[in-house]
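Reader: I would like to go through this model with you and ask how each label was earned. Shall we begin?

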Amino acid sequence: MASSPPYPTYTPGPGSGAHPHWWQRRWVRYGALITLLALSGLVILALVRRQTGTEGFLVGLGLAVLPVPWLIAAFRWLDRVEPGPWRNLVFAFAWGACAAALIAIVANSFATKWIATSTADPAGADTLGATVIAPIVEESAKAAAVLLVFLFRRRDFTGIVDGVVIAGVTATGFAFTENILYLGTAFGTDQLTGDRGIASVTAATFFVRIVMSPFAHPLFTVLTGIGFGFAALFPERQRARRALVPLGGLLLAMSMHAFWNGSSTFGAFGFFAVYGAFMVPAFGLLTWLAIWTRQRELRTVREELPAYVYAGWLTPAEPFVLGSMRARRTARDHARQHFGGRPAARAVAEYEAYATSLAFLRHRGQRGRAGADFVVRERELLAELWRRRDVARPALDHAARTAAPARPLYGAPMPTPYWTAYGYPTVPYPAYNPYRS
């Protein structure tokens with residue numbers, strides 16, 4: 001059995017001309033992004049605190065944070081098949097809570113004041129601002145985060161689930177800051193009027209925004225994320241579709257947001273009518289779509305990875321294990337208990353993630369949606385699997401024996417391997433094949 005990596009890693013040499021300009025260096029980009037988000041956070045903090053007061057800000061912060069862990073956990077659960085890096089989620093949440101919230105507060109306030117001054121109708125300006133201006137500004141500001149990840153983290157953005165997760169986490173951050181403002185302002189109102197308990201404005205605001213509709217902002221922005229997710233599935237040559245579908249998702253998000261904000265103008269029970277007849281069914285439908293997409297991803301893993309079994313890169317049991325979240329967890333637990341604790345479990349989790357990415361890459365390649373770097377990316381993923389095989393394979397084999405069906409997993413003959421279309425031999429990299437004699 002070969003003990004070296006299946007191929008050497010290419011590193012540009014000093015004279016290769018691969019050195020980027022200073023503004024293209026990673027630390028410059030990260031520094032600029034962190035500075036932008038930090039400044040936005042400080043400004044939004046000052047604006048919210050000025051409007052709510054220190055005590056109102058603290059009360060609003062304490063109440064607004066309650067749904068955040070549950071929403072983040074839900075989106076992270078949805079992303080467990082091929083988990084994206086945490087840095088993308090941190091960026092999305094920070095953008096929503098800081099940059100998007102700042103853009104929304106400044107733009108909404110300016111537009112509403114301008115309309116009130118131009119029309120001499122403050123009440124009408126508030127209604128127009130809530131039903132027209134706010135949905136356009138807020139959904140555009142949140143969509144910017146999804147667009148940035150789509151453009152600059154393209155390898156991490158491969159389908160609908162990635163769009164849903166990035167959009168949902170961005171909207172969760174935005175709703176967090178907005179809830180601080182609303183709850184803090186409500187608390188200040190109660191301080192002036194002396195209201196307490198269930199009859200207070202704070203209690204009513206908490207019930208509507210935290211109990212009944214913590215999913216409202218994520219629901220709107222997820223439509224934009226689904227649009228970008230579909231765009232990620234289209235071949236790069238279909239530029240019109242890749243541009244129009246995200247735009248259509250954004251317009252749907254704005255429309256749903258406007259309808260939700262306008263529910264208060266539909267009479268005394270307009271809010272509850274829209275909530276029961278529109279928001280809850282829409283939430284249920286999108287939840288079903290997200291879960292169905294996750295199950296489809298697992299099926300893709302089970303269908304695509306057997307090609308690498310026949311090529312000698314994976315053991316026969318691995319596609320089954322990697323296509324079952326329960327079996328994956330069993331493998332990680334076994335590695336943690338018998339092969340070195342948390343580092344071993346982390347290695348198995350990384351192996352699972354890289355193998356899933358490999359399955360999705362092959363799926364795109366078969367349908368003509370793979371990029372120009374297909375071969376390079378496939379080799380990178382195979383190398384990552386190779387480095388972790390000593391820990392991962394015994395754990396995955398154990399999970400297969402625990403959870404696999406009794407019948408043979410792969411008894412049907414394999415079709416002609418698709419990689420021959422890319423110039424691969426029947427067994428890729430035969431000199432380093434781990435099963436060669």
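**Labels and the values behind them**

Author: Gladly, and let us start with Leu39: its relative accessibility is 51%, and the cut-off for exposed is over 50%, so Leu39 counts as exposed. Please keep in mind that this is a predicted model.

Reader: Where does Leu39 sit, and what surface patch does Leu39 help to make?

Author: Leu39 belongs to helix H1, residues 26–64. Together with Leu42 and Leu45, Leu39 makes a nonpolar surface patch of about 290 Å².

Reader: Thanks! What makes Glu318 and Arg393 a salt bridge?

Author: Their side chains meet at 3.5 Å, N to O. The cut-off is within 4 Å, so the pair qualifies as a salt bridge. The two partners come from distant parts of the chain, with Glu318 in helix H11 (residues 318–322) and Arg393 in helix H14 (residues 374–403), 75 residues apart.

Reader: How do you know whether Glu318 and Arg393 are buried or exposed?

Author: Buried means under 20% relative accessible area. Glu318 has 0% relative accessibility, so Glu318 counts as buried. Arg393 has a relative accessible area of 12%, so Arg393 is buried as well.

Reader: Why is Glu380 given the label that it has?

Author: The relative accessible area of Glu380 is 30%. Partly exposed covers what lies between under 20% and over 50%, so Glu380 is called partly exposed. Glu380 also forms a salt bridge with Arg377, with the closest N and O atoms 3.4 Å apart. Both residues lie in helix H14, three residues apart, about one turn of the helix.

Reader: What makes Glu384 and Arg388 a salt bridge, and is Arg388 buried or exposed?

Author: The N to O distance between the side chains of Glu384 and Arg388 is 2.7 Å, and the limit is within 4 Å, so this pair is a salt bridge. Arg388 has a relative accessible area of 16%, and the limit for buried is under 20%, so Arg388 is buried. Glu384 and Arg388 are also linked with Glu350 and Arg387 in a network of salt bridges. In the whole structure, a search finds 13 salt bridges.

Reader: Finally, which residues are closest to the centre of the largest pocket, and which helix gives the most to its lining?

Author: The largest pocket has a volume of about 1300 Å³. Of the 41 residues that line the largest pocket, Ala130, Glu178, Tyr182, Arg209 and Asn261 are the closest to its centre. Helix H5 gives the most to the lining, with nine residues.

Definitions and conventions. Residues numbered from 1 in each chain as written. Predicted model: local features only at pLDDT ≥ 70, side-chain atom pairs only at ≥ 80, totals over all residues. Heavy atoms only, no water. Patch = residues over 30% accessible without salt bridge, like charges linked within 9 Å, V, L, I, M, F, W, Y side chains within 5 Å. Areas by Shrake-Rupley, 256 points an atom, 1.4 Å probe, with all protein chains shown as cover. Helix = DSSP H or I, 4+ residues; strand = E, 2+ residues; numbered from the N terminus. Buried < 20%, exposed > 50% of the residue type's maximum accessible area, 1.4 Å probe, protein only. 1 Å grid on protein atoms, 1.4 Å probe; cavity = no way out; pocket = protein on both sides within 12 Å on 5 of 7 lines; lining within 4 Å. Points joined across faces, edges and corners; volume = space filled by probe spheres on them.
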